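Welcome, and please open the model in your viewer. We will go from one selection to the next, with a short note on what to look for at each stop.

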Amino acid sequence: MSLEAGEIEQKYRIPVVAAAGSNVVAFGIGANATYNTGMPIRYVGVPFPFSGQPRSVLKGYIEGKDTVSGKPMMQAIIEGLTQPLTEHERMSGILPEAQPEPRLLAADTEDNLQRLFKERCWTDFNPVIIPTQERVAAMLKGTSHKPDEIVKSGAGTFGTRRPFTVEKVAVLAVMAGAKPEYFPVILALASMVPYQDSTTSIAQMIVVNGPIRKEIDMNSGLGALGPNNDANSVIGRSMTLIHKIIQGYDEGVTGFASLSNPLRYDNLCFAENEEALPQGWEPLHVQMGHKPTDSILTIFTGWNFINSTGWVEQHYAPQMLMRDYMSTLSGMSATLIMDPSVAELLNDVQGFKTKDMLGEWLSQNVEKTAASYWGNSIVSSMLGPLGAQGLEPYASWKKVPGETLIKPFTNPKSIRAVVVGGNTASVWFATDFMPEKGTSIDAWR
Amino acid sequence: MDRRKMLALLGVSPTLVAGAPSYARTAPASAPSAGASVVTDRMITAVNPAVTPQLPKRIPLAPRLDKLDGKTIYLVDTDWGGMGQNDGILQEMQAWFAEHMPAVKTIIKVKKGNFVTDDPALWKEIADAKGDGVVLGVAG
C-alpha cells in the first residue's frame, strides 16, 4: 500500500492518506518508510478485523477513532489531506547510511554472547554456535567464493537493500551448526532471500536434489522429515537464521504473522529419494529442466500440510484419498510428499507412469463447492478480482450457486509430487506448497 | 481398550515398543549430564552476524490541500482481502462526507488486478480527471 501511495504522491503530486490495520500501519510508517519507499506516507489506523464485518460495525469504525493518532477517524483523514507537511515529510535526497555494523563484536564470555544473540534476536531461541573468527574461516573453506563477495543486495522484506556477503552467510552457517561441506547449499539458500512473509501462517519447505544429497549425507529415506539427520536439520535451521538476520524479519516491525507456523523452526528441509523413484518418475529438479547431475535447491512456500494419517488401504486407491484431502486446499498449488511405497503403488498398480499423469488425474477429479473455494481469502484476494474483471473460469465461478462443485486445480502442472521416505509405511502428505524456480548449489561450491 | 490390541491396530509391534535394546542409545559415561551449563570466563571474539541496511533516497510527500471544500477526493479500494471486503468501509466514508461535508465530491474506484498488483492506469485516470486527493484503503 505504501508503494501505491508513494507512486501517486511522487508521480502525480496528489496527496494520499492510506487506511490500514495496525500491522500494515506499523510496517508502513516504520521499516517500510525508513528502508524501502523513503516516503513517510500518512496513514490512519482502522480497527481490526474489518473483513467480513457488518455495515453497522464499519460505520462505527468511521465514526470512531483513528488507531494511529487517537483522533476521530474522519478528522484524521481530513487532516492527512490538508495539514501542511512537516520538515520530516519534506525531506529529500540521500541520507547518511545507517551506522554500519562492525565486523567483529566486542570480546565477551560465551554466556554473555549467547545472551546478546538472544537479545538481538540473532537466534531461533535455541542456543547457537558462537561464530568465532576461526569457525567462520573454517566454514569459508566450504566454497571457492571470496568472503567479501556480495551474495545479494535486495535481501530485505519487499526487496529492501540489505546487502550481505559470503562471509555473513558463513557466520550464520556456523551459528546453525553447519559443517563446511553444507556451505554451498546454505549459500544457495541465502541467494533466494527474501522469503515470503504474510500475516497468515505461511511457511517454507526446502527440497534438495542431485549429487550433493549423497555428498553431505542428507536424509531422503527413513525419518527424513523428522529431526533425525544433521544436514537436513542444520540446513533447515540456517533458513530461519537467514530469514531473521539477513532478511531482517522482526516480529511487529517487519513481520506480522498472527500465529506464524511451527514449520518455520526447520523449514521442512529434506532431499528427494531419487534412487527410490519408480521408473518414469523424474526427480523434481529434472522436471524443472535441470540435468540429473545438477545439484539444485528448491524453495516452496505454502500453508497446509495434511497427513495421510495411516497407510494405503487396499479398497481405496491412494489417489482417491489424495483427491479427498486436496479438496480442502486452495486449488492454486499442491505438492504431494509421498513415501516410495506410495509412488510404487501409484505407478505399478494405478498406472500413473509419470508424476505429470498423477497431476492430470487429480486436476480432473478434485472438487469443492464454489462457496468453499471463494471462502478461502487467499483465493478471493488473488483470483476474485480477476474473476470480477472477466477472466475465466473465475468469472463463471463467481456467478454460480455456492453449492456448485468446481474443479479448483485448473492447472495440472501446479500439482507436483516429491518422493521421500523409508518404505516402512505407505504414507504421504498433501500440501499446498508452491515451488520457486530451483537454484544451483553447484554455483556456490 | 487393551494397550497391546490398540498398538496392533495402529500397526505398531507391541514387542518393539516394550523393549528394543538394540535401538537404545545411552550417553557415554564421560559425557556431561543433560542440562549442565559450562560457565567459563574465557573471552571470545565473535564475528558479527548483523547486516547493515541501506537507506533509500528520501522523497518528499506531495503538498497538501488548503481545504477540502470544492475538491474531488477518490476513495480507492485496493481489493485487500478480495471479493468486496473493503467496499463497505469506503461506502461508509463516502456517506460521512455526503452528510458532514457535502461540498466535497467523493468517487469510489476499485483497483484492477489484486491487492499485490499495481494499477498505474487508475492513478493516471485520477490525475487526468483532476483528482485532488486520494484515500487508499483498506489494507490489513
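Before the first stop, one term: two strands count as paired if DSSP finds at least two bridges between them. Keep in mind, too, that this is a predicted model.

**Stop one: a pairing between chains.** Select residues 16–20 of chain A, which form strand β1, together with residues 133–139 of chain B, which form strand β3. These two strands pair in the parallel sense, with 4 bridges between them. Now pick out A20(A): what stands opposite A20(A) in β3(B)? You will find A139(B) there.

**Stop two: where chain A touches chain B.** Widen your selection to the whole contact, to which chain A gives 94 residues and chain B gives 59 residues. On the side of chain A, highlight helix α1 (residues 2–12), which supplies the largest share, 8 residues. Try colouring that side of chain A by class: 53 residues are nonpolar, 23 polar and 18 charged.

**Stop three: a sheet in chain A.** Next, show strands β8, β13, β9 and β12 of chain A; in that order, these 4 strands form an open sheet with mixed pairing. Which strands lie at the edges? They are β8 (305–307) and β12 (415–419) of chain A, each pairing on one side only. From one strand to the next, the twist averages 20 degrees.

**Last stop: inside the sheet.** Zoom in on strand β9 (residues 334–338) of chain A, which runs parallel to β12(A) and is joined to it by 5 bridges. To see one bridge, select A334(A) and its partner in β12(A), I415(A).

Terms used: Residues are numbered from 1 along each chain as its sequence is written. Chains are lettered from A and ligands numbered from 1 in the order in which they are written. This is a predicted model: local features need pLDDT of at least 70, side-chain atom pairs count only at pLDDT 80 or more; totals for chains, interfaces and linings use all residues. Axes are lines fitted to C-alpha atoms, for helices over the stretch in contact, and angles run from 0 to 180 degrees between N-to-C directions. Two residues are in contact if their C-beta atoms, placed from the backbone, lie within 7 Å. Ala, Val, Leu, Ile, Met, Phe, Trp, Tyr, Cys and Pro count as nonpolar, Asp, Glu, Lys and Arg as charged, and the others, Gly among them, as polar.
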